[in-house]
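Biologist: I am new to this structure and would like a close look at a single part, taken slowly. Could you start from the charged side chains that pair up and then work outwards to their surroundings?

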Amino acid sequence: TILFYLVIVINNTFSLIRATKVKLRIGPLIIKLLFCAVLCGLAAWSSFGLLDMLMRFGDYSGRFNGSTLALALASTFSVIVYFLSLFLSNVISKNDILMLPKGEKISKVLEKYRLIG
C-alpha cells in the first residue's frame, strides 16, 4: 500500500507541475522534507521512551494510564518539532503562509519569532 501511495504522490506532483507550469527544485525539497520527517520520528520515539519510563501510573488494562498520557505528549511534541524544523529549514515560505486564511496575522507572529523571513 505504501508503494501505491508513493505512485499517487508522484503522479499528482507531476500533474500539478504540468498544469501550473511552476518550476520546482524537487531534489532539495525532498531532502529537506525527509530530514524534517526523520527529526519528527526521532523526537516521537525518544520522547515516548522517556515519558513512558517516567509516567508509571494506572492499570495497563484500563483506558487511561501513564502510557496513554506519554503517547499523547510525545505525539504533541513531535508535531511541534516537525513544524519548527519545516520553518527552520525554509521549506515553508512567507508566501505559503500568506495564502492561508488569516495569513497576514500568522505571518506577523512568525516574523516576530524569526521563523520566516
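Modeller: This is a predicted model, and a search through the whole of it turns up one salt bridge. The two partners are E111 and K94, whose side chains come together at 2.7 Å, taken from N to O. Because E111 belongs to helix α5, which covers residues 103-112, while K94 belongs to helix α4, which covers residues 94-98, the pair ties together parts that lie 17 residues apart in sequence. As for how open the two partners are, E111 has a relative accessibility of 30% and therefore counts as partly exposed, and K94, at 32%, also counts as partly exposed.

Between these two helices, in the loop that joins α4 and α5, sits K102. The backbone of K102 deserves a careful look, since its phi is positive, at about 60°, although K102 is not a glycine. Most residues other than glycine have a negative phi. With a relative accessibility of 60%, K102 lies over the 50% cut-off and so counts as exposed.

A second residue of this kind is found once helix α5 has ended, for R114 is placed in the segment after α5. The phi of R114 is again a positive value, near 60°, in a residue other than glycine, and at 74% relative accessibility R114 counts as exposed.

The same stretch of sequence also contributes to the interior. The largest nonpolar core has nine residues in all, and among them are I97, L110, L115 and I116. I97 falls within the range of helix α4 and L110 within that of helix α5, which are the helices that the salt bridge of K94 and E111 ties together. The other members of this core are C36, L86, F87, V91 and I92. If one follows L86 in particular, and leaves aside its neighbours within four places in sequence, this residue is in contact with L33, C36, V91 and I92; of these, C36, V91 and I92 are also listed in the core.

For contrast with that buried set, one may turn to the surface, where L3, L6, V7, I10 and F14 form a nonpolar patch with about 490 Å² of accessible area together. One of its members, I10, is found in helix α1, which takes in residues 2-20, and at 41% relative accessibility I10 counts as partly exposed.

Note on methods: Residues are numbered from 1 along each chain as its sequence is written. This is a predicted model: local features need pLDDT of at least 70, side-chain atom pairs count only at pLDDT 80 or more; totals for chains, interfaces and linings use all residues. Side-chain values use heavy atoms; hydrogens and water are left out. A salt bridge is a side-chain nitrogen of Lys or Arg within 4 Å of a carboxyl oxygen of Asp or Glu. Helices (H or I, at least four residues) and strands (E, at least two) are DSSP runs, numbered from the N terminus. Buried means under 20% relative accessible area, exposed over 50%, partly exposed in between (1.4 Å probe, protein chains only). A nonpolar core is a set of buried Ala, Val, Leu, Ile, Met, Phe, Trp, Tyr and Cys residues joined through side-chain atoms within 4.5 Å. Contact means heavy atoms within 4.5 Å. Patches are made of residues with over 30% relative accessible area and no salt bridge: like charges are joined within 9 Å, nonpolar side chains (Val, Leu, Ile, Met, Phe, Trp, Tyr) within 5 Å. Accessible areas come from the Shrake-Rupley method with a 1.4 Å probe; for residues, only the protein chains shown count as cover.
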